[in-house]
Amino acid sequence: MSSKEWEEIYKISINQTVECIVFDGIQKLDPKDQPPKVLLLNWAVRVEKQGQRNEIMNESISELFSLFKEKGVSPILLKGQGLAKCYPNPLHRVCGDIDLYFEDKKSYDDAFKIINDKGLEINSMPGFSSEYIFGKFEVEHHQKMFDIHNPFVQHVLKKIRKEEVDNANYLMIKDNSIKMPSALETIVQANCHILKHLLSFGIGIRQLCDSARIYFYYHSELKDKDLSSIYSKLGIDKWINLLHQLLVKYLGLEENRLPYSLNNNVDADWMMEDILIAGNFGFHNEKFKSIESNLNGDRANKKSRIWDSFMKYVKVTPSEAIWFPIMQYYSRVNK
């Protein structure tokens, strides 16, 4: 490829927060097929810095869990570094926020008080969550593990939690054993998170990579779980068929790593096109990039963009498309 084409790939990989994974792939190419040396060096420096950032995040997570443990509070680590362990090189997954789930209202409130006592400013978020800055990272506290908004299927999620409570995974950071969801909870949580963001402003390829790596890494644990039935009960099975198509067709996940047979009678190309256009959480959509650069992290054309997403996804997951905006509003007024 030409230097210009490699520059474009470098830019896209950053927008999609997969620059480290793409860099790892480049190492498998013959030297003559790799990017120009100057670009490759800049790329390598960026990958190294990301690895260092992951190490700093691990230290922050360990510090947070120690803080909560001292006060008798036991959160569960969602997404992030827990998913990084599914990758060949965990330090090469670009890290974002630190997400913590609290199993009951008392634990959530106790954690809120602990952070308040540290003098940190806490802000409420939609979805019965809150956020604050701890060190160099944004931390989010959640009262819900799964981003499923339909109130009529919450009993399904409670049943999963009850059945999986003894199947937790753990991540060792220094001397801290960090509790994480089970394999089943991890894949349901990750896939629902992708859908949630597709229903608003968009998602990036990094989250698709997460889903693919979870299926790959936890294959033996997931193969005997009736995920097809679970997705159907949650009302997202048609959308999951599209997601599985993307994971196999575009990310190279082997079909036999999926928990059930791939549905080849669906066309998911339109969804992949949306993901490529929007970039990481929709922050790199060229239609709105110049406007949003002056909005301090806020979104441009909110209503029209969410309406466009609704019209696309109501066809494949009507229950979530309908309930997502309703529950987002409800959680804002019932903090």
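Which residue takes a positive phi in the hairpin of E4 and E5? In this predicted model, the residue is Gly135, with a phi near 65°, in a hairpin that has 2 residues between the strands. The strands that flank this turn, E4 and E5, run antiparallel and are joined by 6 bridges. Within this pairing, Glu131 has Glu140 of E5 as its bridge partner.

Both strands belong to an open sheet of 5 strands with mixed pairing, in the order E1-E2-E5-E4-E3. The edges are formed by strand E1 (76–78) and strand E3 (123–125); each has a single partner strand, so one side of each has no neighbour in the sheet. From one strand to the next, the twist averages 35°. Strands of a sheet pair through backbone hydrogen bonds, in either a parallel or an antiparallel manner. The parallel arrangement is found between strand E2 (residues 98–101) and strand E5 (residues 137–142), which are joined by 4 bridges. Here Tyr101 stands opposite His142 of E5. Helix H3 (residues 37–70) packs on the sheet, where it touches E1, E2, strand E4 (129–134) and E5. The direction of H3 makes about 30° with that of E2.

At the E3 edge, E3 and E4 pair in the antiparallel sense, over 3 bridges. Met125 faces Ser129 of E4 across this pairing, the two residues standing opposite each other. The hairpin of E3 and E4 has 3 residues between the strands, and Gly127 takes a positive phi near 90° in it.

A further antiparallel pairing joins E6 and E7, over 5 bridges. Tyr170 stands opposite Lys179 in E7. The hairpin of these two strands has 2 residues between them, and Lys174 takes a positive phi near 55°. In a regular strand, side chains alternate between the two faces of the sheet. Strand E6 (residues 169–173) shows such alternation: Asn169, Leu171 and Ile173 point to one face and are buried, whereas Tyr170 and Met172 point to the other face and are not buried.

In strand E7, where Ile178 lies, this residue counts as buried, because its relative accessibility is 0%. Beyond its neighbours within four places in sequence, Ile178 is in contact with residues of E6, Asn169, Tyr170, Leu171 and Ile173 among them. The contacts of Ile178 also include Ile61, Phe65 and Leu77. Of these, Ile61 and Phe65 fall within the range of helix H3, and Leu77 falls within that of strand E1. Ile178 is separated from Met311 by 133 residues in sequence and by 40 Å in space, C-alpha to C-alpha.

The loop between strand E7 (176–180) and helix H7 (183–198) holds Ser182. Ser182 is buried, with a relative accessible area of 0%. When residues up to four places away in sequence are not counted, Ser182 touches Glu164, Asn167, Ala168 and Asn169. Asn169 is thus a contact of Ser182 and also a contact of Ile178.

Two packed helices are described by the angle between their axes and by the distance between the axes. For helix H1 (residues 3–15) and helix H2 (residues 19–26), the axes come within 8 Å and cross at roughly 140°. That angle makes H1 oblique to H2. On the H1 side the contact involves Trp6, Ile9, Ser13 and Ile14, which meet Glu19, Val22 and Ile26 of H2. These residues divide into 5 nonpolar, 1 polar and 1 charged.

The count of disulfides comes to 0. A disulfide requires cysteine sulfur atoms within 2.5 Å. The sulfur of Cys20 has its closest cysteine sulfur in Cys95, at 9.2 Å, which is too far for a bond. The converse holds for Cys95, whose closest cysteine sulfur is that of Cys20, at 9.2 Å. Both residues are buried: Cys20 has a relative accessible area of 0%, and Cys95 has one of 7%.

Key: Residues are numbered from 1 along each chain as its sequence is written. This is a predicted model: local features need pLDDT of at least 70, side-chain atom pairs count only at pLDDT 80 or more; totals for chains, interfaces and linings use all residues. Side-chain values use heavy atoms; hydrogens and water are left out. Axes are lines fitted to C-alpha atoms, for helices over the stretch in contact, and angles run from 0 to 180 degrees between N-to-C directions. Angles under 35 degrees count as roughly parallel, over 145 as roughly antiparallel, 65 to 115 as roughly perpendicular and the rest as oblique. Contact means heavy atoms within 4.5 Å. Ala, Val, Leu, Ile, Met, Phe, Trp, Tyr, Cys and Pro count as nonpolar, Asp, Glu, Lys and Arg as charged, and the others, Gly among them, as polar. Buried means under 20% relative accessible area, exposed over 50%, partly exposed in between (1.4 Å probe, protein chains only). Two strands pair if DSSP finds at least two bridges between them.
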